[in-house]
Amino acid sequence: SGIWKYLKPKRRWQLLFLIFLMLLSGLSEVVSLASVIPFLSVLSDPDSFWKIKYLNKIASFLGFNSSDQLLLPVTIIFILAIVSAATIRLLNLWLNCRIAAAIGSDISCEAFKRTLYQPYKVHIDRNSSDVIASITTEINITVGVIDYFLQLVTSGIIIIFLIISELIINSSLAFGAISVF
């Protein structure tokens with residue numbers, strides 16, 4: 001609740017949208033990771049693709065009957081999944097930086113306004129260059145902390161999505177990987 005109560009409503013909505021984008025980023029990373037298995041399966045051993053029940057059902061439903069027909073569609077799906085996950089991740093990073101800078105700008109304007117509206121005696125007693133340097137330094141630090149925090153939250157959400165998907169797919173392998181990390 002620290003900085004949240006000082007944010008403008010527009011910034012709050014932007015942060016809520018960013019959280020939605022973070023969740024979408026986590027989901028897209030899971031989809032891109034899940035697309036690796038069918039892609040590698042079709043490349044290495046096309047007949048093994050038909051042994052995976054859910055993929056077999058999907059391919060049959062779409063009208064694919066042989067392994068030769070699957071290479072191009074599976075490759076296209078794999079590329080689309082990877083490119084969309086990367087695009088969403090880049091958009092997320094860009095918005096993290098933009099929103100952190102916008103919050104810093106809002107704080108900077110508020111600090112400047114509060115500094116200007118101090119009584120005249122305060123302005124006479126203070127060294128203006130010290131005040132400007134202090135405000136500039138503190139705001140730069142604040143923007144950096146906000147940016148790093150948003151990146152941390154994004155990475156945390158992606159890790160949680162990947163762990164949950166791994167637990168769903170193969171829980172024993174997931175627990176082994178978690179214990180190693």
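Is Glu166 buried, partly exposed or exposed, and what is the relative accessibility of Glu166? In this predicted model, Glu166 counts as partly exposed, because its relative accessibility is 24% and the partly exposed class lies between 20% and 50%.

**View 1. Glu166 and its contacts in helix H7.** Glu166 has its place in helix H7, which covers residues 128–169. When the neighbours within four places in sequence are left aside, the residues in contact with Glu166 are Ser171, Leu173 and Ala174. Tyr54 lies 112 residues away from Glu166 in sequence, and the C-alpha atoms of Glu166 and Tyr54 are 17 Å apart in space.

**View 2. The whole protein chain.** The protein chain holds eight helices and zero strands, so that a reader who follows the elements from the N terminus on meets the order α-α-α-α-α-α-α-α. Along the principal axes, the C-alpha atoms fill a box of roughly 85 × 35 × 25 Å, and the radius of gyration of the protein chain is 25 Å, whereas a compact globule of 181 residues would have a value near 16 Å. Of the 181 residues, 27% are buried, and the accessible surface comes to about 12400 Å², with 71% of that surface belonging to carbon and sulfur atoms. Among the contacts with a separation of 6 or more, 70% are made by residues that stand 24 or more positions apart.

**View 3. The largest nonpolar core.** In soluble globular proteins, nonpolar side chains tend to be buried together. The largest nonpolar core of this model has 13 residues, and those with the most contacts inside the core are Leu15, Leu18, Ile103 and Leu150. Helices H1, H5 (71–116) and H7 each supply at least two residues of this core, and H5 gives the most, with five residues. For Ile103, once its neighbours within four places in sequence are left aside, the residues in contact are Ile3, Leu7, Arg11, Leu15 and Ile146.

**View 4. A second core.** Separate from the core just described, a second core is made of six residues, including Val42, Leu70, Val74 and Phe78.

**View 5. A nonpolar patch on the surface.** Trp4, Trp13, Leu16, Ile19 and Leu23 together make a nonpolar surface patch of about 520 Å². One of these residues, Leu16, is found in helix H1, which covers residues 9–34. Leu16 is partly exposed, with a relative accessible area of 43%, and Leu16 can therefore belong to a patch, since patches are made of residues with over 30% relative accessible area and no salt bridge.

How values were computed
Residues are numbered from 1 along each chain as its sequence is written. This is a predicted model: local features need pLDDT of at least 70, side-chain atom pairs count only at pLDDT 80 or more; totals for chains, interfaces and linings use all residues. Side-chain values use heavy atoms; hydrogens and water are left out. Patches are made of residues with over 30% relative accessible area and no salt bridge: like charges are joined within 9 Å, nonpolar side chains (Val, Leu, Ile, Met, Phe, Trp, Tyr) within 5 Å. Accessible areas come from the Shrake-Rupley method with a 1.4 Å probe; for residues, only the protein chains shown count as cover. A salt bridge is a side-chain nitrogen of Lys or Arg within 4 Å of a carboxyl oxygen of Asp or Glu. Helices (H or I, at least four residues) and strands (E, at least two) are DSSP runs, numbered from the N terminus. Buried means under 20% relative accessible area, exposed over 50%, partly exposed in between (1.4 Å probe, protein chains only). The radius of gyration is taken over C-alpha atoms; the globule rule is 2.2 Å times the number of residues to the power 0.38. Contact means heavy atoms within 4.5 Å. A nonpolar core is a set of buried Ala, Val, Leu, Ile, Met, Phe, Trp, Tyr and Cys residues joined through side-chain atoms within 4.5 Å.
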